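Here is a brisk report on one protein chain. It covers model confidence, a helix pair and one serine.

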Amino acid sequence: MAVFEVKVPELSESVSEATLLQWKKKPGDAVAVDEILIEIETDKVVLEVPAPSAGVLTEIVEGDGATVTSGQVIARIDSEAKAAATPADAPAPAAAPAAQPAATQPAVAEAATSNAKVGVAMPAAAKILSEKGIDPANVQGTGKDGRITKADAQAASAAPAKPAAAAPAPVVQAVAGERPEQRVPMTRLRARIAERLLQSQATNAILTTFNEVNMAPVMALRKKYQEKFEKQHGVRLGFMSFFVKAAVHALKQYPIVNASVDGNDIIYHGYFDIGIAVGSPRGLVVPILRDADQLSFAEIEKKIAEFGAKAKDGKLTIEEMTGGTFSISNGGVFGSMMSTPIINPPQSAILGIHATKERAVVENGQVVVRPMNYLALSYDHRIIDGREAVLSLVAMKDALEDPARLLFDL
């Protein structure tokens with residue numbers, strides 16, 4: 001017998017442990033080499049664990065929801081074993097009310113997927129259902145991927161739950177006269193976001209300065225070259241590349257805004273790694289544009305598009321979200337008009353951009369309509385004085401209102 005151990009991938013130095021989500025196979029199932037067996041959630045990313053060998057999954061050492069560390073053995077595969085076959089005429093187990101017909105492999109996979117979504121109870125929920133004598137298969141879970149939460153178990157009765165299709169949204173059924181509530185544990189990512197935001201507010205002396213920028217020049221330049229740009233580079237020319245370039249332009253003039261604090265020391269970074277805040281189904285993530293000063297507009301747009309796709313699919317790596325010297329948060333894509341962004345530690349500043357709206361402004365004594373965008377720069381007042389913060393934001397404004405500055409580094 002040749003046994004291969006399935007281990008937790010190597011985690012980064014900043015990630016000490018992770019959580020197993022849901023096994024895609026059960027003991028006795030055949031697996032193919034590199035087939036994804038389970039996903040592991042850290043406080044930054046979700047990692048896929050592939051099978052190191054083809055064979056049969058003989059043992060699951062750590063079950064769904066278990067906390068694990070780098071290199072820990074979570075399952076074993078026998079590369080020489082054969083999966084147990086279920087013949088079509090096999091007798092049904094004595095306890096079963098009716099025999100299930102044999103299924104082809106696709107049907108088995110479909111059934112496994114269905115079972116993964118219905119009847120999988122979290123440990124606390126499983127205990128409650130056991131005490132009530134309720135079969136988890138008869139309870140509609142409202143947790144991640146249909147898992148049964150503690151609240152689901154507490155609200156469950158002996159009657160079978162309605163099929164998932166009958167409920168347009170996951171809610172916990174309440175006794176007549178009571179108001180429903182749903183308690184869902186934070187994911188590791190959400191808990192980490194909460195921890196870092198509290199850390200930022202507790203350790204940084206955060207202050208925010210505001211300005212407004214006339215986006216007409218950028219919009220005109222974008223409109224003029226959009227078609228040629230997309231044809232030449234295979235990616236749309238968005239606004240984020242202009243904001244990234246404007247930020248780098250200002251950071252070069254005011255290096256303290258690109259610096260960070262380490263104890264009683266100030267670390268000045270001789271490079272510009274710009275974090276781009278991206279919303280994902282799992283929460284806010286901030287992948288990093290490395291050496292943004294050396295990237296062209298097209299390269300920036302391609303990386304941002306790549307980050308967006310990876311964030312949506314949960315494919316961002318720890319390396320892609322580690323580090324950064326300055327961040328940009330675009331609340332404007334959701335319609336935000338004004339905000340005070342929170343610094344992403346250990347950085348010392350963050351730029352918040354918002355929705356561009358036509359407004360009445362005064363130019364040369366005349367009231368005119370211009371597409372305006374409010375900019376907000378939150379900064380750590382421990383090392384960045386108001387002068388540097390205000391002037392750096394003005395430098396960004398000037399660069400956006402005269403994009404030629406970005407082309408000629410003026």
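This is a predicted model. Its chain averages a pLDDT of 81, and 81% of the residues score at least 70. Two stretches fall under 50, as tabulated here.

| Stretch | pLDDT | Contacts beyond four places in sequence |
|---|---|---|
| Residues 86-118 | under 50 | 14 |
| Residues 159-169 | below 50 | eight |

**Helix pair.** Two packed helices are described by the angle between their axes and the distance between the axes. Helix α6 spans residues 240-253, and helix α7 spans residues 297-313. Their axes come within 9 Å. The crossing angle is roughly 115 degrees, and the crossing is right-handed.

Which residues of α6 and α7 meet? On the α6 side they are M240, S241, F242, V244 and K245. On the α7 side they are F297, I300, E301 and I304. By class, this contact has six nonpolar residues, one polar residue and two charged residues.

**Serine 348.** S348 sits in the loop between β16 (326-330) and β17 (349-353). Is S348 buried or exposed? S348 counts as buried because its relative accessible area is 1%, and the cut-off for buried is under 20%.

A polar atom of the S348 side chain lies 3.0 Å from the backbone oxygen of A259. A259 is also among the residues that S348 touches beyond four places in sequence. The others are S260, V261, I343, S378, Y379, D380, I383 and I384.

Terms used:
Residues numbered from 1 in each chain as written. Predicted model: local features only at pLDDT ≥ 70, side-chain atom pairs only at ≥ 80, totals over all residues. Heavy atoms only, no water. pLDDT = per-residue confidence, 0-100. Contact = heavy atoms within 4.5 Å. Axes fitted to C-alpha atoms, helices over the stretch in contact; angles between N-to-C directions. Helix = DSSP H or I, 4+ residues; strand = E, 2+ residues; numbered from the N terminus. Left-handed = near helix turned anticlockwise from the far one by under 90°. Nonpolar A, V, L, I, M, F, W, Y, C, P; charged D, E, K, R; others polar. Buried < 20%, exposed > 50% of the residue type's maximum accessible area, 1.4 Å probe, protein only. Polar contact = N/O pair within 3.5 Å; in protein donor to acceptor, adjacent residues only side chain to side chain.
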